[in-house]
Each structure stands twice: as structure tokens, then as C-alpha cells.
Amino acid sequence: MTAAISVKDLRVVRGRREVLHGLTFDVARGAVTGLLGPSGGGKTTLMRALVGVQAKVTGTVDVLGRPAGSPELRRRIGYVTQAPAVYTDLTVRENLAYFAAVVGAPKDDVDRVLATVDLEAYAGDRVDRLSGGQRSRVGLATALLGEPELLVLDEPTVGLDPVLRRDLWARFHQLADQGTTLLVSSHVMDEATRCDRLLLVRDGELVADDTEAGLLAATGTADVEAAFLAIVEQPEWGIPTVGPEEPGP
Amino acid sequence: MTPRILAATTKRVLLQLRHDRRTIALLLVAPTAIMALLAWMFSSTPGVFDHWGALLLGIFPLIIMFLVTSVATLRERSGGTLERLLALPEGKLDFLLGYGIAFGLAATVQATVVGAVAFGLLGLDVEGPALAVVLVAVLVAVLGSSMGLLLSAFASTEFQAVQFMPALMIPQLMVCGLFGDRSTLPRALELLSNVLPLSYAVDAMHLLQSGATLNGAFWRDVAVVAAFIVGILTLGAATLRRRTP
């Protein structure tokens with residue numbers, strides 16, 4: 001099976017500055033791939049390029065077999081921005097009903113995604129009355145509508161309580177097992193443990209593309225944080241040469 | 001454009017408006033109160049209220065709808081929801097017409113309420129049919145909405161969006177024929193007023209005040225305003241970008 005995302009020599013210019021410097025990688029289907037790295041490293045710009053909302057992109061960016069930004073991809077990708085892009089003056093249910101109509105999802109999909117993000121009790125509440133964590137779950141719920149094949153989630157677990165965070169990661173893996181491809185960004189290196197495969201991005205460069213185990217073995221470190229430091233401080237390691245593997249069942 | 005998405009967008013904008021009770025009150029109460037004040041001010045000077053009341057009824061929605069729409073769409077641009085929608089199957093026309101229709105409906109309610117009070121309670125008298133006055137008011141409201149949609153692209157804060165009101169609307173209000181015949185303006189200003197949409201709305205209102213029949217000149221003015229709306233919305237569509245820096 002071909003990769004869900006195939007990127008070759010991706011470059012992005014913002015203003016006069018090049019912020020992504022020729023990234024090349026694949027993202028396997030039906031797996032959870034973590035996009036890790038410090039803030040300001042280009043994770044969001046990379047995700048925007050994949051979704052097709054970033055201007056001044058060069059290189060080859062194929063998503064689900066189509067060039068990124070193709071109109072037919074719009075209902076096949078669920079995208080959650082870091083600041084939840086939902087209407088704060090509407091209730092949770094009104095938001096979901098609207099986005100469901102836009103993507104053409106069936107009506108009962110609203111209840112399904114409400115259950116997934118555990119917000120049933122808040123369905124009738126206005127979003128501006130919710131906490132930051134609850135709001136980001138509303139954003140996540142909108143992306144799950146219509147069961148998209150690819151989910152691009154920008155820092156979806158920031159500010160969530162540990163129990164909910166664990167439950168969401170479990171949910172991500174459940175979706176992956178059902179064939180959904182997930183690309184999840186985080187600046188918290190601990191979350192690497194939750195991903196099938198990792199992409200480490202720093203200063204617009206891809207510094208690692210490996211599994212957690214492979215990364216630790218290649219760098220001789222005990223955790224991803226240390227591995228990241230090792231790679232950054234001893235660049236001769238470069239990008240581990242292991243190719244993308246098929247995810248386990 | 002997809003009818004399902006257009007309908008959903010219209011409904012969503014109306015729902016947002018419904019949640020904002022204070023804005024609804026302002027949309028209905030403010031123009032009614034100003035109309036009553038006008039009637040009271042000129043209660044001992046016959047004819048003045050009939051003249052200014054009708055113009056106020058027709059022109060007031062321009063300002064309110066301009067402000068409401070420019071702030072609402074600016075929020076969509078800066079809050080990320082517009083970008084999110086354009087990454088989904090939402091078409092640019094779904095977005096623009098959704099706003100246009102939703103605020104057009106709000107303006108219809110507004111013009112009907114203010115018109116009912118003005119004609120029914122305050123004794124406003126216009127030669128032409130009252131319904132035609134309401135029609136012009138709704139058209140002017142949609143014109144204001146479309147201008148707000150377009151200009152929100154050039155403001156980066158709500159503060160700036162509100163500043164467009166005096167900067168762009170007041171000069172237009174000055175030369176549109178509210179304060180005397182446009183043909184008496186200096187030639188340059190007359191030419192300027194010829195290319196501004198509000199002039200045609202005011203011309204239509206003047207026709208309603210002077211003649212009782214809805215003649216070709218009235219419908220021509222209405223058509224010109226409608227054409228401006230289409231043109232401004234088309235320009236607005238050009239400012240909606242799927243890919244942004």
C-alpha cells in the first residue's frame with residue numbers, strides 16, 4: 001500500500017524567510033505518526049502545507065494520492081488547528097451540526113463525535129463558557145466528523161488532564177487500527193511513547209524519522225528527549241537511514 | 001457553491017445572531033428610537049419628518065449592517081474559522097452568500113419593524129408604496145453587508161474595521177444626494193457620486209417620495225444597486241484565500 005503522505009524536498013517561505021528547508025519523508029497509512037519538536041520549529045507550517053492552506057510551498061507534497069490542497073481532499077482530511085477554530089458564540093452541538101453539514105456527514109455523527117471526545121454533558125453549552133481543554137476537544141470533535149481518512153492534529157492534547165490525554169491517545173490508536181492515518185504534533189517529547197513512528201523537526205529541518213525504539217537504539221539514549229539532544233548536539237548522526245516500516249496489526 | 005452548505009452557513013450566522021440578544025435589541029430598538037426622535041424633533045414642522053424619516057429608514061441599515069458584517073467576518077478571518085472552512089468543502093460563495101442572506105433576512109426584519117412603527121405609529125407619509133421603501137431598505141442593508149465583507153479583508157483588527165465607517169462611508173453619505181440634488185454638486189463630485197452605489201439607493205428613495213408609481217427609473221436604480229452588490233461580493237470572493245502565508 002502506498003504511503004498516506006509522501007513529501008519530497010518540501011520548502012516553505014514565509015515573508016522573506018525559508019522556514020522549512022527541503023523535507024523528505026513518508027507517513028504510513030493506518031498508523032499514528034508523531035510530529036515532535038520544539039515550538040517554532042516548523043511543525044504547524046508543515047501541517048498547514050499538508051492540509052493545503054499554506055502559501056509559498058515548493059516540492060512534492062502528495063496526500064492520499066493527490067497533490068496537497070486538491071479540492072477532493074477537503075472532505076477526506078480532518079484538520080485541527082492549535083487554537084480551536086470553532087464558533088465561541090455557538091453551543092457545542094450547534095458547532096458540530098454546522099461542520100457536519102459542511103463536510104456532508106450524517107446527522108447522528110454529531111452524537112458519535114461528542115461521545116468520542118467525552119463532551120456529551122456539554123453539548124448544549126456555549127463554547128465560550130467552556131475551559132481551554134474542553135474547547136480544544138470541541139475542535140477535535142469537528143475534525144472527526146465524517147470519519148476522514150487522514151487526521152492532522154496540531155497539539156491536540158495540550159492542557160488536557162492526564163486521564164483524558166491517555167483516553168484520547170487510546171482513541172487515536174483505535175482509529176488507526178480501523179485504518180485512519182493520524183499525524184499528531186506535540187512539543188512534549190513524552191508523547192513520543194504513544195506514537196507508532198516519529199518525525200523530529202527542529203529549525204525547519206527533519207532531524208529524525210524513525211520509531212521510538214529505533215531512535216533510542218541509534219542514539220544510545222534512554223528517552224526521546226535525550227535522543228533529541230544527542231541528535232541536535234552531534235549532527236553527524238543525521239537522519240537515521242531506516243526506511244518507513246509497515247505498522248504492526 | 002453547494003445548496004446544503006449555503007443553507008447551513010446561513011443558519012449558522014443567524015444562530016450566532018440569535019445568541020447575541022443585545023445586538024438584536026440594538027438592531028431593532030436603535031433605529032426605531034432614532035425614528036421616534038426625528039418625528040418628535042420636527043413635530044411642529046410639517047413635511048420634514050416625511051422627508052428625512054423615509055431617507056433614514058432606507059439608509060440607516062447601510063451603516064448598521066456594514067459594521068455588524070465587517071466585525072463578524074473579521075472575527076472569522078482572525079479566529080481561524082474562515083481558514084478552517086476553506087480547508088473543508090465550503091465554497092467561497094457559500095461563505096459570502098451565507099452572510100449576505102443571513103444579514104439580508106435580519107435587515108428585512110429590521111426594516112419591517114422600523115417601517116411598521118414609522119408608518120403606523122409615527123405617521124410617516126411617503127407618496128410611493130411603503131413596501132417599496134422596505135425593499136430599498138433591505139437592498140441597502142445587503143449592500144452594507146457586502147461592503148463590510150469586502151473591507152474586512154483590509155482590516156487586521158476590529159478597531160480598524162470600525163474606523164472604515166467614517167473613512168469610507170461618511171464621504172459616500174455626503175455625496176449620495178441626501179443633502180440636496182446630486183446634479184448641483186461640482187462636476188468631479190457628481191461623477192464620483194455616479195460610481196458610488198448609495199447614490200442610486202437615495203435616487204430610488206427620492207423617486208418614492210415624489211411619484212406614486214413604481215416606474216422604470218425606480219427599478220433601474222434598484223437594479224444598479226443589486227449589480228453593485230454582486231460586484232462587491234465578487235471582489236470579496238477574490239479576497240478569500242485558501243492558502244495564506
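Here a colleague asks a modeller about a predicted model of two chains, A and B.

Colleague: How many residues does chain A bring to the contact with chain B, and how many does chain B bring?
Modeller: Both chains take part in the contact. Chain B supplies 22 residues, and chain A supplies 25.

Colleague: Which element of chain A gives the most to the side that touches chain B?
Modeller: On that side of chain A, 13 residues are nonpolar, 5 are polar and 7 are charged. One element gives the most, with 5 residues. This is helix 2 of chain A, residues 92-103.

Colleague: Let us turn to chain B. Are helix 1 and helix 5 of chain B parallel or oblique to each other?
Modeller: Helix 1 of chain B covers residues 3-19, and helix 5 of chain B covers residues 92-121. Their axes come within 8 Å and cross at roughly 45 degrees. That angle makes helix 1 of chain B, relative to helix 5 of chain B, oblique.

Colleague: Which residues of helix 1 of chain B make that contact?
Modeller: The crossing of these two helices is right-handed. From helix 5 of chain B come residues including B:F95, B:G98, B:I101, B:A102 and B:L105. By class, the contact has 12 nonpolar, 3 polar and 1 charged residues. The residues from helix 1 of chain B are B:I5, B:L6, B:T9, B:T10, B:V13, B:L14 and B:L17.

Colleague: Helix 2 of chain B also meets helix 5 of chain B. How many charged residues are in that contact?
Modeller: The axes of helix 2 (residues 21-41) and helix 5 of chain B come within 9 Å and cross at roughly 30 degrees. That makes the two helices roughly parallel. B:L27, B:L28, B:P31, B:T32 and B:M35 of helix 2 of chain B meet residues of helix 5 of chain B, among them B:V113 and B:V117. The contact has 9 nonpolar residues and 2 polar ones; charged residues: none.

Colleague: Is the crossing of helix 6 and helix 10 of chain B left-handed or right-handed?
Modeller: Helix 6 of chain B spans residues 130-151, and helix 10 of chain B spans residues 216-239. Their axes come within 8 Å and cross at roughly 20 degrees. The two helices are therefore roughly parallel. The crossing is left-handed.

Colleague: What is the make-up of the contact between helix 6 and helix 10 of chain B?
Modeller: Helix 6 of chain B brings residues including B:L139, B:V142 and B:L143. Helix 10 of chain B brings, among them, B:V225, B:F228 and B:I232. The contact divides into 14 nonpolar, 3 polar and no charged residues.

Colleague: Which helices of chain B do the buried residues of helix 10 pack against?
Modeller: The buried residues of helix 10 of chain B include B:F218, B:D221, B:I229 and B:G236. Their packing partners in chain B are helix 5, helix 6 and helix 9.

Colleague: How far apart are the end C-alpha atoms of helix 10 of chain B?
Modeller: Helix 10 of chain B has 24 residues. At 1.5 Å a residue, it should span 34 Å. The distance in the model agrees with that: 35 Å.

Colleague: How many residues of helix 9 of chain B are buried?
Modeller: Helix 9 of chain B covers residues 197-210. What covers its buried residues includes helix 3, helix 6, helix 7, helix 8 and helix 10 of chain B. The helix is largely enclosed by the rest of the structure, because of its 14 residues the number buried is 12.

Colleague: Back to chain A. Is A:T157 buried or exposed?
Modeller: A:T157 sits in the loop between strand 7 and helix 5 of chain A. Beyond its neighbours within four places in sequence, A:T157 contacts A:R165, A:L168, A:S186 and A:E191. It has 23 other C-beta atoms within 10 Å, and the cut-off is 20 or more, so A:T157 is buried.

Colleague: A:E155 and A:K56 each have a positive phi without being a glycine. Which of them is partly exposed?
Modeller: A:E155 has a phi of about 50 degrees and lies in the loop between strand 7 and helix 5 of chain A. With 22 C-beta neighbours inside 10 Å, A:E155 counts as buried. The other residue has a phi of about 55 degrees and lies in the loop between helix 1 and strand 4 of chain A. With 15 other C-beta atoms within 10 Å, the partly exposed residue is A:K56.

Definitions and conventions
Residues numbered from 1 in each chain as written. Chains lettered and ligands numbered in written order. Predicted model: local features only at pLDDT ≥ 70, side-chain atom pairs only at ≥ 80, totals over all residues. Axes fitted to C-alpha atoms, helices over the stretch in contact; angles between N-to-C directions. Helix = DSSP H or I, 4+ residues; strand = E, 2+ residues; numbered from the N terminus. Parallel < 35°, antiparallel > 145°, perpendicular 65-115°, else oblique. Left-handed = near helix turned anticlockwise from the far one by under 90°. Contact = placed C-beta atoms within 7 Å. Nonpolar A, V, L, I, M, F, W, Y, C, P; charged D, E, K, R; others polar. Expected span 1.5 Å × (residues − 1).
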